[in-house]
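Reader: Hey, I've just opened this one and I'm new to it. Could you walk me through it?

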Amino acid sequence: MSSTDKTPSTPSSSSESLPERLNFIEQEIEKDLALPRMSGRVVTTRFPPEPNGYLHIGHAKSICLNFGLAQSYSGRCNLRFDDTNPSKEEQEYVDSIQEDVRWLGFEWDELHYASDYFDQLFDWAVQLIEAGKAFVCDLNAEQMREYRGTLTAPGKESPYRNRSVEENLKLFQAMRAGEFENGACTLRAKIDMAAANVNLRDPVLYRVLRAHHHRTGDKWCIYPMYDWAHGQSDSIEGITHSICTLEFEDHRPLYDWFCENLKIYHPRQIEFARLNLSYTVMSKRKLLQLVQDKHVSGWDDPRMPTISGLRRRGYTPESLRNFCERIGVAKFYSTIDVTVLENSVREHLNAIAPRVMAVLHPLKVVLTNYPEGQVEMLDAINNPEDPAAGTRQVPLTRELVIERDDFMEDAPKKFFRLKPGGEVRLRYGYVIKCEQVIKDPATGEVTELHCSYDPATRSGSEEGEQRKVKGVIHWVSATHGIEVPVRLYDRLFLNENPEDAPAGKTFLDNMNPDSLQVLTAKVEPSLETAAGGERVQFERNGYFCVDTVDSQPGKPVFNRIVPLRDSWSKIQSQGKTN
RNA sequence: UGCCCGGUGGUGUAAUGGUAACACUAGUGAUUUUGGUUCACUCAUUCAUGGUUCGAGUCCAUGCCGGGUAGCCA
């Protein structure tokens, strides 16, 4: 990958200038720019996922940060897979991660794998042993835990800590050669068992682990630990600023110790707070559980906070980048309200999504004075926010469907839609008046409305436009509209913090049983040919996306991305309807 | 109860010793052939107490509160 293949949609590529307000990382970088270690270098970052799951919106924050920093400073950003634990990692994840990063609109300068550095890492381990700073330890996991001490009490030194350099060298080679069982021994750094920072109490560098690695196959039976691999990988790639999340803060002294004792280029690690979203779980483990236990249809279920789920749901890369920009970067733990995410996508879709009429819960309307068999093609504006989007024609016929919610028999004062004897305008059409309400005699349910239309009120005509009524509703021809499956998604969890479960319960008990509602809607005939991934606004309703998996040519299936803001429901819930 | 890191409106971020700003939410009003969009207005003495200073959200001290941390995970 070269830095010249940036995708055109790369954010803020138009101007590489920094925003007037710098976040704390930018401020630190700014200070570092003059440092000797930056001489001859450009700001270089990396996004370092472990390929053990799909990327989620939290990773998007990190991606936007790392790639964004590189763009702001005309620097470079690599994609590096942190694949040091073959027991959890798979090629499927490697592929999905690359797809997701690209879809978000970023292109890496270099693609790397920590596993590319296994030989170098091994040599460095030998170097450390030779310097008397690492040793092979035969303690098992349980013993090591005992020797480590506690948060308040110092640890004690391993009985194997003082083996000779020669013996350590021989044993380490034997580890590599496969002469030990899994877990039989480890290579540890010799630092300080009394250190207040537990990470410095002779941390493990290598463990014996017989597992097939997705890249190196069966070449290795020892694998480096994160701490031993990460900083050195950064160093090899010339990363100037290694941005990671807060939980690695305590590891920084170790990161620094390795670079110093190996006498290699020393990048600077800077930590930031990871993203938390209300009504959402973000840990890979929990997302994996949702998938494995079939609470969702897969990693790309449109309700998932994964990048692939959001993509399938219909979110745009622009809206996600915008969201990441909006939430900021800081060092303290915070939770972003999901509505911020929802507003980001509304904002973008409002600008670009073509409007279309669709009735989700149809109620039949007969225009009693409209000639049978007559079809009028009415001009409809595709996007009021974008005149260049032009117009289209929608067929008006005698029999229509309207939204059930747009009719009320006993309407409160502030209900501006159809009521018995009341008038309303059919969007882009005529003013109609409700003359008769037909009900199912058995259940009392309203099954049909008989209305008259006023031919003098047609939209587009001068005198027709003059007729103002309070309400305008959308509609679809009962005879010309087509039926399509529509999936209404709601948040996956009922609780703002899904982890917040009573004793004995888990986040799974907080799942929203109604997070998916499937119905059949009646939509404009023009939608028959909508292609997978296409996004539209169902007027007065919400933004929808043609599902890329379940749609067939001529048979689109719609996913609701996000509903429109709805001030009427707010008025209702506040009881201000009169 | 060691070590590390944090505490600024309902939420999230700014203010780098000099008038607490921006965005979102919420509320009110205006516009509107989407109860959408857009526009206007309203909403904080910065965890607490001391100290330094002409002046402190910012510096210092103490306290309180929150988070991370004892994998051969990352």
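Reader: How many residues surround RNA strand B, and which are the closest?
Author: Quick heads-up that this is a predicted model. In it, 69 residues surround RNA strand B. The closest are Arg21, Gln27, Arg355, Ser459 and Arg565.

Reader: What classes of residue make up the surface near RNA strand B?
Author: It's a mix: 26 nonpolar, 18 polar and 25 charged residues.

Reader: And which helices and strands supply at least two residues each to that surface?
Author: Among them are the helices α1 (24-32), α5 (141-148), α12 (338-352) and α14 (567-573). The strand β6 (204-208) also supplies at least two residues.

Reader: Which part of RNA strand B is within 4 Å of the protein, sugar or phosphate, or bases?
Author: Counting the atoms of RNA strand B within 4 Å of the protein, 62% belong to sugar or phosphate, and the rest belong to bases.

Reader: OK, so what does the side chain of Gln574 do there, in terms of distance to a phosphate oxygen?
Author: An N or O atom in the Gln574 side chain sits 2.5 Å from a phosphate oxygen of RNA strand B. Arg148 has a polar side-chain atom 2.5 Å from a phosphate oxygen of the strand too.

Reader: What about Asn350, which kind of oxygen is that one 3.3 Å from?
Author: A sugar or linking oxygen of RNA strand B, again counted from an N or O atom in the side chain.

Reader: Switching topic: what domains does chain A have?
Author: The assignment gives domain 1 (36-274), domain 2 (284-314 + 329-354 + 485-577) and domain 3 (358-474). Domain 2 is written as three separate stretches of chain A.

Reader: What separates the centres of domain 1 and domain 3?
Author: 65 Å, taken over C-alpha atoms.

Reader: How many disulfides does the structure hold?
Author: Zero. Take Cys64: the closest cysteine sulfur, in Cys324, is 3.8 Å from its own, so that's too far for a bond. Cys221 is in no disulfide either, with the nearest cysteine sulfur, that of Cys185, 9.5 Å away.

Reader: Is Cys64 buried or exposed?
Author: Cys64 counts as buried, at 13% relative accessibility. Cys221 is buried as well, at 9%.

Reader: Now phi angles. What's up with Ser74?
Author: Ser74 has a positive phi of about 50°, and it is not a glycine. Most residues other than glycine have a negative phi. You'll find Ser74 in the loop between α2 (57-72) and β2 (76-81), and it is partly exposed, with a relative accessible area of 44%.

Reader: And what phi does Lys294 have?
Author: A positive one of about 60°, though Lys294 is not a glycine. Lys294 lies in the loop between α9 (284-292) and α10 (307-313). With a relative accessible area of 71%, Lys294 is exposed.

Reader: Where is His251 found?
Author: In the loop between β8 (241-245) and α8 (252-262). His251 counts as buried because its relative accessibility is 19%, and the cut-off for buried is under 20%.

Reader: Which residues does His251 touch?
Author: Asn199 and Asp227, leaving out residues up to four places away in sequence.

Reader: Last one: where is Thr529, and is it buried or exposed?
Author: Thr529 is in the loop between β22 (516-523) and β23 (535-538). Thr529 is exposed, with a relative accessible area of 67%. Its C-alpha atom is separated by 7.5 Å from that of Pro556, which is 27 residues apart from Thr529 along the chain.

Conventions: Residues are numbered from 1 along each chain as its sequence is written. Chains are lettered from A and ligands numbered from 1 in the order in which they are written. This is a predicted model: local features need pLDDT of at least 70, side-chain atom pairs count only at pLDDT 80 or more; totals for chains, interfaces and linings use all residues. Side-chain values use heavy atoms; hydrogens and water are left out. Domain bounds come from an automatic or database domain assignment. Helices (H or I, at least four residues) and strands (E, at least two) are DSSP runs, numbered from the N terminus. Buried means under 20% relative accessible area, exposed over 50%, partly exposed in between (1.4 Å probe, protein chains only). Contact means heavy atoms within 4.5 Å. A residue is near a molecule or strand if one of its heavy atoms lies within 4 Å of it. A polar contact is a pair of N or O atoms within 3.5 Å; within protein, one must be able to donate a hydrogen and the other to accept it, and residues adjacent in sequence count only if both atoms are side-chain atoms. Ala, Val, Leu, Ile, Met, Phe, Trp, Tyr, Cys and Pro count as nonpolar, Asp, Glu, Lys and Arg as charged, and the others, Gly among them, as polar. A disulfide is a pair of cysteine sulfur atoms within 2.5 Å.
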